[in-house]
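User: I am new to this structure and would like to learn how to read its empty spaces, ring pairs and cysteines. Could we go through them in turn?

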Amino acid sequence: MKLLYNVEDKPKQSQTLIFAFQQMIAIMAATLLVPMLMSSFPTASGETLYFDPAAALFGAGIGSLVYIFFTNKKSPVFLGSSFTFLGAYAAVLGQNYGYWGVILGILFAGLVYVVIALIIKAVGSGWVNKIMPAVIIGPIVALIGLSLSGTATSWMATNGGANYSLLTILVGAITFLAIVVASVRGNKLIKLIPFVVGIAAGYVLALVLTLIGNAAGIEALKITDFSSLYEAFHPFTLASLIRVPQFTFVSAIQSGTLKNIDGAALSNIAITFVPIAVVELAQHIADHKNLGSIINRDLISDPGLDRTLLGDGIGSIVGGFFGGAANTTYGESIGCVAITGNASIVTIITAGIGCMVLSFFTPFVALINSIPKCVMGGACVALYGFIAVSGLQMLKRVDLGSNKNLFVVSAVLVTGIGGLTLNFGTNKTTGGPLLTITALATALIMGIITNLVVNEGHLVSDEETDGLTAAAANMSEVDVEDLEKKQK
């Protein structure tokens, strides 16, 4: 696609701050939600531990900076709290391993990426394009967007609760349409910050409806929850303005539960987290293939899959140490790059620093937590939709008139959208499966096997050229000269 700002470009400082804020808004709702969910998981004694959303925000920021460092400032994507490990968190907390169990679990998961990165450094990454050509990776990327779509529509329909509401759908739809209008009809600056405009419009509408609902006593109109703001300022103290996040490693040291971690515990934690990390490798590759197609570069080759894995793995370890949640590359961030055409790495770095700084400001965290889920759902319709469309874009050079390719794409889409998972064993703590191969990973496995079968054991179909390289070659060159002339 044609970018307004390429990876190496440096927008004006004032613009960079606005662009970074937009990236932060895009990833923040989900990043803050993970520690909230973790705080609801009971321990073996029936109590719950507190995981601070502000600490998770700090962890996401510092984890993203680590990732940028390891990828030589060539991969413009933000890391945020991963939902994939929620079951693993519940398991280790249920076994009374406490904060240390979570930190060690994230350490094991991150080390999986580090080990795989070292192997790839030794043997190369050429096998990636052979095993996962465009006929496979295209529908896989589309699945990432489609699999997230349920979250967006659920948030619109229920505002994150249990009751269906046409009114919250309306608020979400207006948020989405405001993003569309800003992106398509706005001036050159507005087109670069459509999410700031859209979310602000949705928030204001929800706020007006809530105030009317409070005044008239109409529950259906009470869309915005002010509890986070109330808790921040009642009673008003210095912590209402500035507060050091409750970092997970500090909570772990204070808890004194390290004595519960023996050799058997380490084995249990590793068994719980390591398989999930291995499965997540598929999404890591798909995310970087997708981002590469958006910025017209092959990130698997440069900076290299070994570097992206190191950045993701070590960034997750560092982020989890502070914030208590494993980090992962965020589709919301990729979607933001795709829609705005702003791939400037300076924007991501500024967003990472911004998250770290703002995690200390109580009013900001409280304000973000007060954004209604229906508003974020409307924004995510655009974000997740662009992820899905960018995956379909990868298929444009694939001959879908050929049964060979048609069967491969069918296998991926049907198993992925249908939610086919592979469950193994039983977790004695949670009662759920010991290991679950996600629908996305199952779809990838089905795609690879089908591609091998239809091509008689050959890794790459004769019907297409090399996946990402061919897709990037067909795209127009990035041209920012015109924009720079206008700014001057």
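**Reading spaces, rings and cysteines**

Analyst: We can start with enclosed space. By the rule used, the count comes to 4 cavities of 30 Å³ or more. Keep in mind that this is a predicted model.

User: How is empty space found, and how much space lies in the largest cavity?

Analyst: Rolling a probe the size of a water molecule over the atoms shows where empty space is left. In this model, the largest cavity holds about 120 Å³ of space. Its lining is made of 13 residues, and Phe85, Tyr113, Asp312, Ser316 and Asn327 lie nearest the centre. At least two lining residues come from each of helix 4 (98–123), helix 11 (263–295), helix 12 (300–323) and strand 2 (327–329). Sorted by class, the lining of this cavity has 5 nonpolar, 6 polar and 2 charged residues.

User: What is the volume of the largest pocket, and which residues lie nearest its centre?

Analyst: The volume of the largest pocket is about 980 Å³. Of its 38 lining residues, Phe83, Thr84, Glu280, Gln283 and Thr438 lie nearest the centre. Several elements each supply at least two residues of this lining, including helix 1 (13–38), helix 6 (134–158), helix 11 and helix 18 (439–454). The classes are 18 nonpolar, 17 polar and 3 charged residues.

User: Which elements line the second largest pocket?

Analyst: First its volume: the second largest pocket has about 830 Å³. It is lined by 38 residues, with Met36, Ser228, Glu231, Val365 and Asn369 closest to the centre. Two or more lining residues come from each of helix 1, helix 2 (53–70), helix 9 (227–233), helix 15 (362–370) and helix 16 (373–393). Helix 15 gives the largest share, 6 residues. By class, this lining has 20 nonpolar, 12 polar and 6 charged residues.

User: Now the rings. How is a pair described, and how many aromatic pairs are there?

Analyst: A pair of aromatic rings is described by the distance of the centres and the angle of the planes. The count in this model comes to 17 aromatic pairs. Take Phe69 and Phe70: their ring centres are 5.5 Å apart and their planes stand at 85°, so this pair is edge-to-face. Phe69 is exposed, at a relative accessible area of 62%.

Another edge-to-face pair is Phe247 with Phe322, at 5.4 Å centre to centre and 80° between the planes. Phe247 lies in the loop between helix 9 and helix 10 (248–255), while Phe322 lies in helix 12, so the pair ties together parts 75 residues apart in sequence.

User: Are Phe247 and Phe322 buried or exposed?

Analyst: Both Phe247 and Phe322 are buried. They also belong to one aromatic cluster with Phe58, Phe249, Phe321 and Phe360.

User: Which charged end sits over the ring of Trp155?

Analyst: That of Lys373, which is 5.7 Å from the centre of the Trp155 ring.

User: Last, the cysteines. How many disulfides are found in the whole structure?

Analyst: A disulfide is a covalent bond between the sulfur atoms of two cysteines. A search of the whole structure finds 0 disulfides.

User: Why is there no bond between Cys374 and its closest cysteine?

Analyst: The closest cysteine sulfur to that of Cys374 is in Cys380, 12 Å away, and this is too far for a bond. Cys374 is buried, at 0% relative accessibility. For Cys380, the closest cysteine sulfur is in Cys336 at 11 Å, also too far for a bond. Cys380 is buried as well, with a relative accessible area of 3%.

Technical notes:
Residues are numbered from 1 along each chain as its sequence is written. This is a predicted model: local features need pLDDT of at least 70, side-chain atom pairs count only at pLDDT 80 or more; totals for chains, interfaces and linings use all residues. Side-chain values use heavy atoms; hydrogens and water are left out. On a 1 Å grid over the protein atoms alone, a cavity is a set of points where a 1.4 Å probe fits but cannot get out, and a pocket is an open set with protein on both sides within 12 Å along at least five of seven lines; lining residues have an atom within 4 Å of a point. Grid points are joined across faces, edges and corners, and a volume is the space filled by probe spheres set on the points. Helices (H or I, at least four residues) and strands (E, at least two) are DSSP runs, numbered from the N terminus. Ala, Val, Leu, Ile, Met, Phe, Trp, Tyr, Cys and Pro count as nonpolar, Asp, Glu, Lys and Arg as charged, and the others, Gly among them, as polar. Rings of Phe, Tyr and Trp (its six-membered ring) pair if their centres lie within 6.5 Å; planes under 30 degrees apart count as stacked, over 60 as edge-to-face and the rest as tilted. Buried means under 20% relative accessible area, exposed over 50%, partly exposed in between (1.4 Å probe, protein chains only). A charge sits over a ring if NZ of Lys or CZ of Arg is within 6 Å of the ring centre and within 35 degrees of the ring normal. A disulfide is a pair of cysteine sulfur atoms within 2.5 Å.
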